[in-house]
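Visitor: Could you take me through one part of this model up close? I'd like the backbone oddities and what surrounds them.

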Amino acid sequence: MAKQFVQAYKQTPRRKQIQRLGLYVLPVITLGTIFALYLIFSAQAATAGLEIHAYLDAKEELQRTIANENTQLAWLLSNTNMIKRAEELGFSQISSSNIFYMVLPSYPGRTVHLTSPAPDGNSEGDIVLNSAYQQSLGDFLRDLLFSNSNDEAEP
Amino acid sequence: MKYKINARLNLIGAICSFIVIVIIFQLFRIQNSEQYIELSEKADQTYTYEKRIVYPERGNIYDRWGHLLAGNEKVYEVGVLLQYVKNAKAIADTLSIIPDVNYEKAFETASLEYGNGKNIYGIIADFLPSGVIDALSKIKEEYETLNPEGEDPDLPSLRGMVWYPHLQRSYPENTLAANVLGFYKFRDRKNGEGFYGVEEYYDDILSGPPVTVEIPLDPYMIEETPTLPSGASLVLTIDREIQAMVEEKVDEAVEYYKAESATVIVLNPKNGEILAMVSQPRINLNQYWIFEEELKDTTPFNRAISETYEPGSVFKILTMAAALDSEAIELDEKFSVGQYFEYYGSYIYNWNRKSWGEQDVLGCLQHSLNVCLAKIAVEEMKADTFYSYMQAFGIGRRTNIDLGGEEIWPLSVPGDDGWYPINLATNSFGQGVAVTPIQMATAASAIANGGKMMKPHVVKAIIDDGEYYETSPQVLSVPISEETADLMNTLLTKSLEGGEGSLALVDGYHIAGKTGTAEVPVESGYDSSLSNVSFVGWGPVDDPQFLVYVWIEKPDPEIGYWGSYVAAPVFHDIVEELVVMLNIPPDAVRQSLYAAGSSHDQTD
């Protein structure tokens, strides 16, 4: 059977040509596949990068908005406004002789309550980028093939 | 034939392989050539990163209960991206409606030629509230509908006009506690810094320094943004309600007595916490740039810490405390108080220029007798003892209160160029010596607090990175013993109840205090037609929880000249409301509550 195949190839040079052509085209197809993969991964990485940019901008805007909202709240709760509101509701200043004082043993007294939270210190850090967003396909393959452990960074 | 075909195929294969090898070789060669590296670096610098200055959010400032006194609000910068400007006139026309925007300047900016060196973006207006931006956005949209892409030069278009948000310092209470807070020069976005008060003293803590960061424009080079810590926030010892109440009383007093100004400090003598600090004038911190118009000539931003003056008779409490503590005099000692006391050719008179006969320590304080105090300082204490006590009380030294702009007047002591023997006599009753209100209040707090003089401070806690750090009270010095302090408390309570300052008394509360009236020094000596009146008092005497220092500068003498008639009533009005705000029951009620509380504890 094998001899018949060899014989058939020898009698039809066309097959031999196709075989050789195939051998030349194979690396081209391989390279093309690699480039295609590279493009796909690069496009995905670029999209992710742009999204992260957008998220960082949105985060900055949110921080500004939070600071602004806190301050606007403080304007509404300012001493002048609160006195005005109290007067509108019919309250007036009391004198010490009209106050009934009593001991409340478990009452801890007035405590500090921040009407607007203090700005965050950012110590928790910003996003921790997955290294995949920053590595090329070559880096990825090298890591995959040559690293001993599956040590891809986790977000 | 077969060999020919094979040879051709081999030749084509070899040529293709050669071409591929050449391409690959060239790729390697180019990518490692010097020119490529140089160009690549240049491109990286120009197109890969955007340099941006990031200003960390400035920390908030709260009162002692957490009410926001200084925060940040969002405002907008409006500018033009010159590349996209289609109609500079329309932009200038639209923006010139905004106050402070000049049409010519706006038109000039919007008309700049794009590129041409550095012309890419121009700022036309800044610090605009979101309401203005909403209106601009609406107009821009309308114009865009009317004139899409701004193609028709005869129709208006706001193409190229953009706005960017940023934070601006904001003071929701406007003028409240302005003298304590100081202000942040937010209009100078690059070099803004705190001026006066807490904003100056804690500038480094409140604002992290601006940081230049490189933001990668290449999405493949996305990096984590650097951690920029926001400024720490401060919780002050100031009580917003007490501050507002005292400000109201001060303003009323200045108006009523037609005084030049008034200053009041309310502090807790046990720990040095400032509950309120008020002086005049006060500016609206949201318009800090007009402060130079408001504070004319040499008017200090905060008189309580920056203006020195001769305190007059309130100073006598320090002299008397020093005399008793040094055992230069005895409590039951009698002093012959004549019409005047002659010393080194100068004459010291009592306030009414009359003789007061034999007086004991209480009488000298109760009637505020200059002759008595001068005699005690000169004949009993001597200069060395007197001045060492005054230095221990912090006279001539900074209290180091945590506010920007504290000033002092040096205390002249024997041996100094400006010191003469008569100074000892005049200093004993508060003339010829200058103090700031905070120095005087701090010194008096030593008597109220069992001899311990606590460092005055306005910051109660620092909130940094979400952590709350309380500040610790510090003892500045212990100028007198606890026994002397107790004795002085008794004397000053009695002297107030039967003496000149009875208008300061508050029903239901035992208060210790002393009035002061000082002539105003002028170039030729003293102007006896003008006075600086003051009152220092604290209570409840058995458990002092507040000390109030009142200084009214140059009241109209036709309305009031003496501390007992001008400053003492102001003290009374303040304390009457202060005890309610501090939840201090009348003495009798408080003692019965203590008794009930202790019996409750025993039952528990």
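Visitor: Where is the place of P540(B) in chain B?

Guide: P540(B) sits in the loop between β21 (525-539) and β22 (546-553) of chain B, where strands (E, at least two residues) and helices (H or I, at least four) are DSSP runs numbered from the N terminus. Before we go on: this is a predicted model, with local features needing pLDDT of at least 70, side-chain atom pairs counting only at pLDDT 80 or more, and totals for chains, interfaces and linings using all residues. Residues are numbered from 1 along each chain as its sequence is written, while chains are lettered from A and ligands numbered from 1 in the order in which they are written.

Back to the loop: the peptide bond from G539(B) to P540(B) is cis, with omega near -20°. Another cis bond joins Q280(B) and P281(B), with omega about -5°, and P281(B) lies in the loop between β11 (273-279) and α10 (291-294) of chain B. Most peptide bonds are trans, and most residues other than glycine have a negative phi.

On that second point, look at E327(B), whose phi is positive, near 60°. You'll find E327(B) in the loop between α12 (316-325) and β12 (335-337) of chain B. E327(B) is exposed (12 or fewer other C-beta atoms within 10 Å of its own, C-beta atoms being placed from the backbone), with 10 such neighbours. N583(B) also has a positive phi, near 55°, and belongs to the loop between α18 (563-581) and α19 (587-603) of chain B. N583(B) is exposed too, with 12 other C-beta atoms within 10 Å.

Terms used: Buried ≥ 20, exposed ≤ 12 C-beta atoms within 10 Å, placed from the backbone.
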